[in-house]
Amino acid sequence: MADEKSNTSTEDESLHAEGLRIYAHAVQVDEHNRTRYADDIRFARLGEQWPEAIRKKREQEGRPCLTINRMTSIIRQVVNDARQNKPAIKFHAVGDGADEWTAKVLDGVVRNIEYSSNADVAYDTAIDNAVSGNVGYFRITTDYAGDDVFDQDIGIERIADSLSVVPDAYALDADSANWNDAFVTDDYSLDAFKAKWPKADAASFEGDGKGVATGWLSDNLVRVAEWWRRRETTQIIVKLSNGQVVTEKQLADPDFQQLMAVEGIGEVARRPARTMKVEQIIMNGCEVLETNAWAGKFIPIVPVYGDEVIIDGKRHLKSLIHDAKDPQRMLNYWRTASTELVALAPKAPWVGPVGSFASDPNWATANSENHQYLEYDPVDNQMPPQRQPFAGPPAGALQEALNASDDIKSTSGIFDASLGAQGNETSGRAILARQREGDTSTFNFTDNLSRAIRHAGRIMADLIPKVYTVPRVLRIIQEDGSNRSVAVNQQTEPLPEEAKAAGEEMQGVMRIYDLTSGKYDVTCEAGPSYTTKRQEAAAQMTEFMRAVPGAGQVMGDLLAKNLDWPGADEIADRLKLLLPPQAQGQNPQLMQAQQQMQQMQQMLAQAQQQIAQLQQDKQLEQRKLDIAAHKADTDRLKALGVTLLPEVAAAMGLQVSQGLGGADITPGGPAPQPQAMPQPMPEPQPAAPEQPQPQPFPGQQ
């Protein structure tokens with residue numbers, strides 16, 4: 001046990017030493033960008049635009065140091081334009097079981113991640129730091145969905161201070177896809193550090209700091225760094241008979257082996273494959289505090305670069321206002337000079353003959369105070385005292401200030417039209433073209449934000465199959481802001497738009513949105529938000545309907561759908577019912593043929609009913625005739641006094657029933673009859689005398 005602890009301690013010490021070395025080298029390589037970032041932020045956002053030595057000297061002499069900061073409005077123009085045109089992450093199915101409807105679910109999942117974690121704050125902070133300084137950052141995180149569950153969710157967090165991030169010293173890509181090392185630092189007070197890591201060795205912090213790396217301890221603050229380390233590893237992948245590819249670790253799972261045995265799946269081939277393993281190592285100046293595994297293959301720190309220049313294998317980053325700093329200093333100086341010359345220049349003196357100011361003491365304060373009257377002493381009939389005319393503001397200083405203002409516009413690429421100033425343009429097209437000049441000159445900053453968000457989408461595409469692995473119900477947010485719950489990794493009802501597109505084919509079909517399989521490509525679409533698009537669409541539809549009045553009959557429902565007042569959707573539904581069949585996507589000839597077929601089917605059904613009724617009536621009449629015939633036969637037999645035996649009646653299709661009044665014969669089939677009472681044998685009767693028979697007349701035959 002002691003040897004194991006010793007080995008672990010030695011490994012941690014070696015890891016800590018490696019981390020300190022990589023950190024120091026990365027800071028040294030990026031030092032010029034970090035210095036430039038701090039200087040630009042202080043200049044543009046804090047207004048520290050006068051050199052410190054000049055400012056102190058002027059303050060000692062009682063001279064002004066005016067700062068007319070035009071950098072803030074220029075920065076806000078670019079940042080707020082990016083806020084209005086938020087890029088959107090889009091997933092596209094590539095293969096291996098991916099499909100377009102699961103891609104739409106992934107779009108909704110990412111929108112929910114952005115909404116739940118306030119990703120707009122992270123994006124806005126990153127682009128603000130990139131425009132004001134030279135780089136901004138945000139990060140992707142994972143955390144448990146609640147205190148009492150094991151399910152995890154993905155989040156997006158902002159990094160407020162770009163100087164807290166130390167990027168990879170060797171990566172020169174447009175994003176962090178190829179970063180192998182990165183650091184995120186934070187300073188803790190000694191008490192906060194002990195509370196979060198109570199088992200850490202803080203003895204050196206309380207003493208002389210011996211054993212603590214330089215720069216990791218100052219003013220009772222302890223620096224803690226997250227060291228994100230990515231290294232290439234090799235793993236064995238196995239191809240199965242059903243086409244699925246799994247890792248050797250997954251294949252060793254007993255549950256997976258049992259599933260293979262049940263389904264008759266076998267192993268086809270195996271080979272070594274390269275993959276990336278990412279770790280989060282938390283360390284301070286003297287030891288490693290934690291080591292955490294990361295599920296993805298990318299370091300989850302995303303940079304938003306400013307203006308980028310790479311020369312001699314070294315990356316140089318500049319802010320939007322970096323080249324406008326000297327014109328801004330010139331503006332401050334010449335505006336201060338003109339103000340000083342006008343406001344602090346001595347008043348024009350009074351000029352008069354000697355002796356004119358002797359009797360009235362108010363002449364001594366005539367340049368600093370306003371007196372009701374001034375008396376002078378006339379001398380030899382000369383002119384009374386007169387004040388010299390004011391020379392006016394210094395024209396040279398004002399002209400230089402105007403030149404400096406133009407230089408600021410030229411170096412930043414933001415002109416008066418972009419800032420809302422009125423120009424000589426009169427038509428709307430010309431005004432928009434002038435405003436687009438500023439958007440075009442600063443588009444690289446907005447495009448860098450789109451690249452960063454696209455890389456964030458790739459990171460989440462890599463994380464989602466590894467985080468959302470079990471059957472869950474996730475909320476997805478549609479493009480229009482509406483949300484619904486969707487069951488993933490299990491059988492569920494298809495999406496409404498999916499079922500609508502498939503028509504009757506999806507009736508009773510269960511869908512599976514499997515987030516753990518399939519390959520998806522990620523794109524980033526920049527442009528106005530959905531709300532802005534809808535407002536623009538409503539305005540343009542209104543203008544189109546004014547130009548073409550008849551169009552309102554076929555597009556009134558679309559206009560109502562894009563309006564932002566209550567009841568617009570209901571009005572759109574009502575207007576849609578009034579559309580002609582052609583506008584509803586229906587074929588009038590086909591509809592007419594369908595109606596005729598329906599009418600013919602109804603007529604055929606009525607005819608069949610009538611035929612069935614006639615057949616039933618005919619059968620009833622025949623039955624009545626049979627009953628009448630049988631009744632006639634029965635009455636005739638009764639009149640003759642003939643008694644039928646049951647066997648004979650059954651053969652004739654008659655029913656014989658005995659009653660008090662005698663036998664009753666009714667038509668019908670054979671039916672069980674009661675046994676006839678035995679009749680007494682008749683007594684023999686004497687023979688009757690023979691009667692003479694009449695003889696025929698002669699000639700009769």
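**Figure 1. The largest cavity of the predicted model and its lining.** The largest cavity encloses about 30 Å³ of space. This is a predicted model, in which local features need pLDDT of at least 70 and side-chain atom pairs count only at pLDDT 80 or more, whereas totals for chains, interfaces and linings use all residues. Residues are numbered from 1 along each chain as its sequence is written, and side-chain values use heavy atoms, with hydrogens and water left out. A cavity is a set of points, on a 1 Å grid over the protein atoms alone, where a 1.4 Å probe fits but cannot get out; lining residues have an atom within 4 Å of a point. Grid points are joined across faces, edges and corners, and a volume is the space filled by probe spheres set on the points. With this rule, one cavity of 30 Å³ or more is counted. Ala 174, Tyr 305, Gly 306, Glu 308, Asn 448 and Arg 451 line the largest cavity. Its lining comprises two nonpolar, two polar and two charged residues; here Ala, Val, Leu, Ile, Met, Phe, Trp, Tyr, Cys and Pro count as nonpolar, Asp, Glu, Lys and Arg as charged, and the others, Gly among them, as polar.

**Figure 2. Strand 11 and its pairing with strand 2.** Helices (H or I, at least four residues) and strands (E, at least two) are DSSP runs, numbered from the N terminus. Buried denotes under 20% relative accessible area, exposed over 50%, and partly exposed the range in between (1.4 Å probe, protein chains only). Strand 11 (residues 301-305) is largely enclosed by the rest of the structure, because five of its five residues are buried. Ile 301, Pro 303 and Tyr 305 point one way from the strand, while Val 302 and Val 304 point the other way. Strand 11 pairs with strand 2 (residues 135-144) in the antiparallel sense over five bridges; two strands pair if DSSP finds at least two bridges between them. Within this pairing, Pro 303 of strand 11 is the bridge partner of Tyr 137.

**Figure 3. Salt bridges of helix 3.** Side chains of opposite charge can pair when their charged atoms come close. A salt bridge is a side-chain nitrogen of Lys or Arg within 4 Å of a carboxyl oxygen of Asp or Glu, and the structure holds 32 of them. Arg 55 and Glu 59 form one such pair, with their closest N and O atoms 2.8 Å apart. Both residues lie in helix 3 (residues 52-60), four residues apart, about one turn of the helix. Glu 59 is partly exposed at 48% relative accessibility, and Arg 55 is partly exposed at 26%. A second salt bridge joins Arg 58 to Glu 340, with a closest N to O separation of 3.4 Å. This pair links distant parts of the chain, with Arg 58 in helix 3 and Glu 340 in helix 11 (residues 325-343), 282 residues apart. Arg 58 is buried at 7% relative accessibility, and Glu 340 is buried at 15%.

**Figure 4. A salt bridge between strands 7 and 9, and a charged network.** Arg 274 and Glu 232 meet through their side chains in a salt bridge of 3.6 Å, N to O. The two residues belong to distant parts of the chain, Arg 274 to strand 9 (residues 267-283) and Glu 232 to strand 7 (residues 221-240), 42 residues apart. Arg 274 is exposed at 68% relative accessibility, whereas Glu 232 is partly exposed at 47%. In addition, salt bridges with shared partners connect Glu 18, Asp 181, Arg 229, Arg 231 and Glu 279 in one network.

**Figure 5. Two asparagines with positive phi.** Most residues other than glycine have a negative phi. Asn 118, which is not a glycine, has a positive phi of about 55°. Asn 118 is placed in the loop between helix 5 (100-116) and helix 6 (119-132), and is partly exposed at 47% relative accessibility. Asn 489, also not a glycine, has a positive phi of about 60°. The loop between strand 17 (483-488) and strand 18 (491-492) contains Asn 489, which is buried at 14% relative accessibility.

**Figure 6. The loop at Lys 86.** Lys 86 lies in the loop between helix 4 (71-84) and strand 1 (88-95). Its relative accessibility of 23% makes Lys 86 partly exposed. The C-alpha atoms of Lys 86 and Ile 453 are separated by 9.6 Å, although these residues are 367 residues apart along the chain.

Methods:
1 Å grid on protein atoms, 1.4 Å probe; cavity = no way out; pocket = protein on both sides within 12 Å on 5 of 7 lines; lining within 4 Å.
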